[in-house]
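Please examine the structure shown below. The paragraphs after it lead through a pair of helices and then through a single helix.

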Amino acid sequence: MKTLSLPFIEVKEKIDQAQHITLLSHLNPDADTLGTSLGIYALLKKAGKKVEVANASKHLPQYLDFLPNFSKIKGKMDYEDSLIIACDCGSIDRLGFDLTGRDIINIDHHHSNEGYGSLNVIVSHFASASQVAYVLFDRLYDIDAATATCFYTALLSDTRYFTTAAVTEDVFAMAKDLIARGAKPEKIAYNFTQRRPLASLRILEKALASLSLHHEAKIATLFVTQEQILASGASTPDMEGIVDYARSLVTVEVALFAIELGSDVRISLRSKKVDVSQVALAFGGGGHKLAAGFTLKQCGLQESMDKIIQKIHTLKLLD
Ligand SMILES: [Mn+2]
């Protein structure tokens, strides 16, 4: 792996000086944010540090319960003056806790990251936040099987099984090294892909039935209503990945999935080439070039989708 100038010494100093450390991940967590935070949790714990791991979301994705220490994730922070290590989180709001005046190490790979940390370790061309954490912590601590399992799962998920543009020789070198340290690819893949709850297929069925195409079939939209979510028993994590079905169509350049949540609408955008993070930024969200998201407050489903399609036009993304 090419040498990167990351602030190794500064990170080590901060951790050495901290009495307590809190690992945080973003709201509506995915495998990268939880895998990265749990991976760092395991290695710091092993190094004898006093650490906790927390997430402010109501629901954690249960399909990730095979990650070592998953059951240790708390809904609140108990340490009051701990050093915060934020993982895979582009903006401080998405951590969901009041962090006023806190010392924060911000570990991420989002292009749109606001740099809210006192120390920011952001490598936007990396495939996952776990890749940033891997390069950073491999120099400083011992990566054992628990950490390797977490970092590998995060990598598998954010690269969509090693298929994204960020997949490089370095990504496979990292995967190889994590396997050497005890990550079990087959077991992780099984746990990650073969244990879906029924609700996730019930809600997928509704979403697919809503498919509509726009702009010479270059834009595909899917949506689910609050009523359908309640009837299916689905929670947010069960809807992860639905937007990819819309993107997979041959003509589609941009896919949009809208989830009605009370009076708000949560939007996921995916693209094959064009930069949809521009659309997300225009609506106060963020993300990556090909995968971004945001929430529209007090906005109906149809109105939200119309607004976004309009924005894609005005930004001339498909011309
Ligand atoms: Mn990520």
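Two residues are said to be in contact, or to meet, if their C-beta atoms, placed from the backbone, lie within 7 Å. Helices (H or I, at least four residues) and strands (E, at least two) are DSSP runs, numbered from the N terminus. This is a predicted model, in which local features need pLDDT of at least 70 and side-chain atom pairs count only at pLDDT 80 or more, while totals for chains, interfaces and linings use all residues. Residues are numbered from 1 along each chain as its sequence is written.

In the helix pair, A148, F151, Y152 and L155 of α4 meet V171, M174, A175 and L178 of α5. The axes of α4 (residues 145-158) and α5 (residues 169-180) come within 9 Å and cross at roughly 150°; these axes are lines fitted to C-alpha atoms over the stretch in contact, with angles running from 0 to 180 degrees between N-to-C directions. Therefore α4 is roughly antiparallel to α5, a term for angles over 145 degrees.

The single helix is α11 (residues 301-314), and its buried residues are S304, M305, I308 and I312. They fall within an arc of 95° seen down the axis, so they line one face of α11; the arc is that of the directions from the helix axis to the C-beta atoms. A residue is buried if 20 or more other C-beta atoms lie within 10 Å of its own, and exposed if 12 or fewer do. On the face turned away from the buried side, α11 carries the exposed residues Q302, E303, Q310 and T314. The buried residues of α11 pack against several elements, including β7 (219-224) and α10 (277-282). Just after α11, K316 takes a positive phi of about 55°.

Key:
Angles under 35 degrees count as roughly parallel, over 145 as roughly antiparallel, 65 to 115 as roughly perpendicular and the rest as oblique.
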